Amino acid sequence: MRIDAHEIDRQYVCMSQIKSIIGEGKKAYILTFGCQQNEADSERFGGMAEEMGYGITHEIEEADLIVINTCAIREHAEKKALSITGQCKHLKTKNPSLVIAMCGCMVTQEHRAEAIKHSYPYVDIVFDTSMVYRFPEILLARLSGAKRQFMLDTGCEGHIAEGLPVHRESSFKAWVSIMYGCNNFCTYCIVPYVRGRERSRKKEDILKEVKELADAGYKEITLLGQNVNSYGKDLDEEYDFADLLTDICKIEGDFIVRFMTSHPKDATHKLIDTMAREPKIAKHFHLPLQAGNDRVLKKMNRHYDKARYLSLVDYMREKMPDIGLTTDIIVGFPTETEEEFEDTLDVLSRVGFDNIYSFIYSARKGTPAYSMEGHIPYEVQSARFTRMLELQSEISVNRNRDYEGKPTRVLVEGRSKTDESKLTGRNEKNRLVHFEGPDSLIGQFANVMITKAETYALFGELMEG
Ligand code: SAH
Ligand code: SF4
Ligand code: F3S
């Protein structure tokens with residue numbers, strides 16, 4: 001399961017061969033769809049590309065290598081990736097030596113890889129999520145004149161590859177994957193089919209990576225996994241996610257730790273106690289609910305009910321009264337009735353999430369829900385979705401109003417995209433905060449007095465010191 005160091009060395013040899021083939025001044029453009037896990041993978045592709053001698057560009061037009069890292073979670077994500085891929089065709093006419101690579105969850109599905117093979121002949125390389133570490137070898141083959149490369153290991157349970165180079169997009173926020181894959185097989189979800197089985201990185205490797213980041217001055221470290229609460233279950237020693245967090249918090253440095261995602265069936269009191277105890281852990285919990293009705297949750301194969309979810313929230317609030325809570329919701333799962341949907345609204349009202357990430361159910365080929373009876377018409381899904389957003393906007397703005405007149409510590413991320421005069425960042429609870437201040441604060445923590453709350457953001461004034 002762990003990729004042998006010799007194999008990684010072999011990939012480094014391929015990287016240096018590519019460097020001598022491509023010559024100076026070549027550029028790589030990496031386009032990422034989907035979740036943070038994919039972003040973390042893309043930072044590896046960026047690292048490998050740099051090692052091969054490519055500079056990283058954010059202008060697709062000037063690229064000599066384009067890597068499209070796809071997502072399959074909903075139809076929309078797939079459509080977007082396919083449409084961008086279509087637009088790359090003309091770039092190849094302009095630059096015939098351009099290499100286009102596709103990878104990630106969408107192309108890991110056989111039917112999608114087949115479609116690329118037949119309908120997108122200008123895509124040079126397609127490789128699945130189990131082949132990330134073999135990118136150099138695959139690219140080298142194509143650059144050396146081999147035919148189009150389709151590297152798909154369908155049925156692969158997945159690997160762990162340590163020691164690949166990484167190009168981090170930020171100098172103060174970092175992703176650290178602690179585990180890969182998923183064993184949960186929620187009936188709507190494609191992830192277990194495209195990311196393989198759950199596997200945890202060794203704690204030594206994770207702690208070493210976090211220490212390096214802390215030493216380099218990183219301020220926010222986000223631990224990633226599809227279900228971080230099952231970290232360690234496949235390791236030889238008795239060591240769980242809460243233990244890992246405790247060890248990470250012992251590392252010196254002025255940084256905060258976040259994690260995602262947690263599954264309510266595996267979230268433990270030990271984890272919540274650890275969060276409450278450790279000042280370095282951001283007091284924000286993203287706990288996907290998906291649905292508030294027990295029958296629907298069962299049909300989704302989620303292994304918890306509404307009562308269990310609410311009792312977890314109660315426990316968190318008992319230990320950390322002002323914890324920030326966010327969730328994911330799926331609207332219009334097959335057979336969901338109006339009354340059952342209202343159970344979801346009821347949980348939203350009871351919990352009062354700071355924010356929700358809500359999605360209209362999207363049928364994914366190969367999942368159990370795909371072939372269930374009782375798919376809900378889009379108009380009905382869409383009407384429920386709107387109703388839910390209306391309720392949540394009201395809740396979010398009320399939650400945000402609690403901040404008015406209070407100070408909050410923000411990690412400053414950059415200039416606001418909509419108003420250049422303002423800086424923007426997130427507080428510990430992941431609330432977006434806008435305020436005026438100098439560029440020198442970017443990448444630093446700043447204290448901000450909140451003066452105004454809106455649904456999706458807080459506004460404030462920089463405080464002294
Ligand atoms: N592992 C995480 C989330 C992974 S996907 C977890 O278990 O919570 C992120 C979110 O996408 C999910 O929480 C879910 O709300 C949504 N999602 C997954 N499959 C979906 C589908 N087929 N249709 C709509 N939303 C989906
Ligand atoms: Fe998908 Fe469920 Fe796994 Fe999350 S836990 S990735 S929703 S199967
Ligand atoms: Fe998408 Fe794959 Fe992530 S399907 S959400 S990129 S794990």
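## Close-up views of a predicted model

**View 1. Three strands form an open sheet with parallel pairing, in the order 7-10-11.** Its edge strands, each of which pairs on one side only, are strand 7 (173-177) and strand 11 (256-260), and neighbouring strands of this sheet are turned by 25° against each other on average, direction ignored. Such angles run from 0 to 180 degrees between N-to-C directions, the axes being lines fitted to C-alpha atoms, for helices over the stretch in contact. Strands (E, at least two residues) and helices (H or I, at least four) are DSSP runs numbered from the N terminus, and two strands count as paired if DSSP finds at least two bridges between them. This is a predicted model, in which local features need a pLDDT of at least 70 and side-chain atom pairs count only at pLDDT 80 or more, whereas totals for chains, interfaces and linings use all residues. Residues are numbered from 1 along each chain as its sequence is written, chains are lettered from A and ligands numbered from 1 in the order in which they are written, and side-chain values use heavy atoms, with hydrogens and water left out. Within the sheet, strand 10 (residues 220-224) runs parallel to strand 11 and is joined to it by five bridges, with Ile221 having Val257 of strand 11 as its bridge partner.

**View 2. Two backbone features are found in loops, a cis peptide bond at Met260 and Thr261 and a positive phi at Phe185.** In general, most residues other than glycine have a negative phi, and most peptide bonds are trans. The bond that joins Met260 and Thr261 has an omega of about 5°, and Thr261 belongs to the loop between strand 11 and helix 11 (269-277). Phe185 has a phi near 50° and lies in the loop between strand 8 (179-180) and helix 8 (191-195).

**View 3. Ligand 1 has 15 residues around it, of which Gln226, Pro288, Gln290, Asp328 and Ser362 come nearest.** A residue counts as near a molecule or strand if one of its heavy atoms lies within 4 Å of it. The shell around ligand 1 divides into seven nonpolar, four polar and four charged residues, where Ala, Val, Leu, Ile, Met, Phe, Trp, Tyr, Cys and Pro count as nonpolar, Asp, Glu, Lys and Arg as charged, and the others, Gly among them, as polar. A polar side-chain atom of Arg74 lies 3.1 Å from an oxygen atom of ligand 1, while backbone N or O atoms of Tyr188 and Gln226 lie 3.0 Å and 2.8 Å, respectively, from a nitrogen atom of the ligand. Taken alone, ligand 1 exposes 540 Å², of which the protein buries 91%, the accessible areas coming from the Shrake-Rupley method with a 1.4 Å probe. Strand 13 (324-331) and strand 14 (355-360) are the elements that give two or more residues to the shell around ligand 1.

**View 4. Ligand 2 is surrounded by residues that include Cys182, Cys186 and Cys189.** The others around ligand 2 are Asn184, Phe185, Tyr188, Val191, Pro192, Gln226, His263 and Arg302. By class, the shell around ligand 2 divides into seven nonpolar, three polar and one charged residue.

**View 5. The shell around ligand 3 draws at least three residues from each of domain 1 (5-151) and domain 2 (173-401).** These domain bounds come from an automatic or database domain assignment. Ligand 3 is surrounded by Gly34, Cys35, Asn38, Cys71, Ala72, Ile73, Cys105, Val191, Arg195 and Gln226, which divide into six nonpolar, three polar and one charged residue.

**View 6. Five strands close into a barrel of mixed pairing, in the order 15-16-17-19-18.** Neighbouring strands of this sheet are turned by 50° against each other on average, direction ignored. Strand 15 (residues 407-415) pairs with strand 18 in the antiparallel sense over five bridges, and Pro407 stands opposite Met449 of strand 18. Strand 15 is also joined by five bridges to strand 16 (residues 422-427), the two running antiparallel, with Gly425 as the bridge partner of Val412 and six residues between the strands of this hairpin. Strand 17 (residues 432-436) pairs with strand 19 (residues 458-462) in the parallel sense over four bridges; here Phe435 stands opposite Gly460, and Glu436 has Glu461 as its bridge partner. Strand 18 (residues 445-453) runs antiparallel to strand 19 and is joined to it by five bridges, Ala453 standing opposite Leu458, and these two strands form a hairpin with four residues between them.

Methods. A polar contact is a pair of N or O atoms within 3.5 Å; within protein, one must be able to donate a hydrogen and the other to accept it, and residues adjacent in sequence count only if both atoms are side-chain atoms.
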